[in-house]
Amino acid sequence: MASRLSRQPGAGPTAGSIRRRTWQNVTVGNPTATRPPQPWTAPTASDPVATTLRLPGSKSMTARALVLSALAGGPSTLGGPLRARDTELMAGGLRALGAHVSISDDDRWLVRPHRLVGPAHVDVGLAGTVMRFLPPVAGLAEGRVTFDGDPQARVRPLGPLIGALRSLGVRIHTPATGSLPLTVLGTGRVAGGEVVIDASASSQLVSGLLLAGPRFDRGVVVRHEGPPVPSAPHLRMTVQMLRAAGAAVDDSVPDVWAVEPGPLSGRGWEIEPDLSGAVPFFAAALVTGGEVTLQGWPRSSMQPVEQLRTLLHRMGGEVTLTTSGLTVRGTGTVHGLDADLSDVSELTPALTALAMLADSPSRLTGVGHIRGHETDRIAALAREFAALGADITESADGLEIHPRPLRGGTFRTYADHRMAHAAAVAGLAVPGIEVDDVACTSKTMPEFPALWSGMVTGKS
C-alpha cells in the first residue's frame, strides 16, 4: 500500500482490493491512562479500518447532569458518564462547593446534593463547561469561591457571563480584563430576574445561567442580543435536560430563554455516547474506505447526529443507524465541502483534516467563535496544516482549503484535544505527522492514542 501513503488528494483504495481489519468491542473508560512518550507519530493506515467502538458518555451531557444533580432536591446517578479531565474537574468543583460526588465506579456516578458553602476553590483547567457553569452555582453558595485554571483559560471569553451575574445580584471580583482568576462572594441566594447578554462567543454563557436558574429567587430570563448564538444543539440539550429534571423552561421566543424558580428532582441520567469524540473515528472510515460503528447509540438523541449525518454524506460517507449502533462507511474518496458549521463547530478540526484529503476544495464557515476555544482553532489549523504543505486560508469565521499533497512534520496542538484529533485523521494518509502533545486528548478521552493506534493497526 505504499502508493496510497503518498496518494494525491482524492485517490484511495479500491473496494475489495485490501484486506479489511476488524477491531471489535473496544471499551473506553480507564481513568489512569499513562501519558505516552512525546512526540506521538500519527499512524498511517495500510488497510481500510473496520472497527466497532463503545465510547464513553457525552462530555456535554455529563457536565450538565452533574450540575443539575448537585442542585437537585435528592440524589442522582449518572449511567455511562465520560471520565476525562473536563468532567473530573466539574465533579471536583461541585465537591469543593459541598456536593457529594462519587465517581469511583466508572459506569455509574452518584451525586448527593448538600448545602453549598465556601470558602472553596474551583480549578477549571481548560474546561469551558466548568468556567461557565459553576460561577452561577457559586452565587448560590454561602462564602467566598475562587476560580482559576490553566494559563490558556485566562483568555477564554467570560466577560458576558460576569456582567450577567452581576446584574442578577451576584458579587464577583475579577481582573480588569473580566477573565479568570475570579472570586464569587456568595450569600446563599441569587435574586435572579431578567438579563441581557451577548452570547455570540459561546452558547455555554447562556447554558450556565439556565442550569442554575431554577434555584434563583425569581428564576431567570436570558435575552441574547448580538450575532447568532453558536452551537444551538447544545442549548437545546440544556433545555431538554432542565425539563427532564423538573424545571419549567420557555424557549418559544427566539433568543429568549425563561426558567421559572422551583425545585429540581434527583433522577437517573443515562448518558449517550459522545458524538464529538466519535467524529475522528468516523472520519477514518471516509479516509480509508472502511467502516466504523459506534455502539449504544440511542434512537432519539440530544446530540446533533442529523447534522453530522448530512455533513459526512456530503463528504462521501454513508451513515446508518441500526440495532448495532451508528455506522459510517467510506469509499476511500473524500469530497470537498462548502458548509456553515455554526451549529456543530466542534467538528471543524476533524472536517478540516478530511478536507485536506478531498477531491475538491472546501469552505468551512460560521465558526468564528472557535477562535476563543482552547486555542484560536482557526488560526492554529491554518498554521499547522500550512506547515505540512497545505493550501489553506483563514477568514474571520472559517477556513478555505484547496487540497494538495501533504508532507510529514511536527503538528502542534496548543494543548487542544481537537487539534490532536485533526492531526490523527490527516496522519491516516500522510506518513510522518508527529503530534507534539497527544496527551492533551486526556481532556475528553485519555485513551485516544491507544484507541486510535489499535484501530489503525487492527490490534486491540
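Select helix α10, residues 348-356, where nine of its nine residues are buried (under 20% relative accessible area, with exposed over 50% and partly exposed in between, for a 1.4 Å probe and protein chains only). Helices here are DSSP runs of H or I with at least four residues, numbered from the N terminus. The model is predicted, with local features requiring pLDDT of at least 70 and side-chain atom pairs pLDDT 80 or more, whereas totals for chains, interfaces and linings use all residues. Residues are numbered from 1 along each chain as its sequence is written, and side-chain values use heavy atoms, without hydrogens and water.

Within α10, the buried residues include Leu351 and Leu354. Display Leu351 next: beyond residues up to four places away in sequence, Leu351 touches Leu311, Leu312, Met315, Leu337, Leu341 and Leu364 (contact means heavy atoms within 4.5 Å).

Now select the largest nonpolar core, which has 76 residues; such a core is a set of buried Ala, Val, Leu, Ile, Met, Phe, Trp, Tyr and Cys residues joined through side-chain atoms within 4.5 Å. Among the members that touch the most others are Leu351, Leu354, Phe281, Phe282 and Trp452. Helix α8, residues 275-288, gives the most to this core, with ten residues. A second, separate core has 75 residues, including Leu68, Leu89, Leu116 and Leu209.

Finally, move to Glu384 in helix α11, residues 377-387. Glu384 counts as buried because its relative accessibility is 2%. A polar atom of the Glu384 side chain lies 2.9 Å from the backbone nitrogen of Arg412. Not counting residues up to four places away in sequence, Glu384 touches Thr410, Phe411, Arg412, Tyr414 and Met419.

Technical notes
Helices (H or I, at least four residues) and strands (E, at least two) are DSSP runs, numbered from the N terminus. A polar contact is a pair of N or O atoms within 3.5 Å; within protein, one must be able to donate a hydrogen and the other to accept it, and residues adjacent in sequence count only if both atoms are side-chain atoms.
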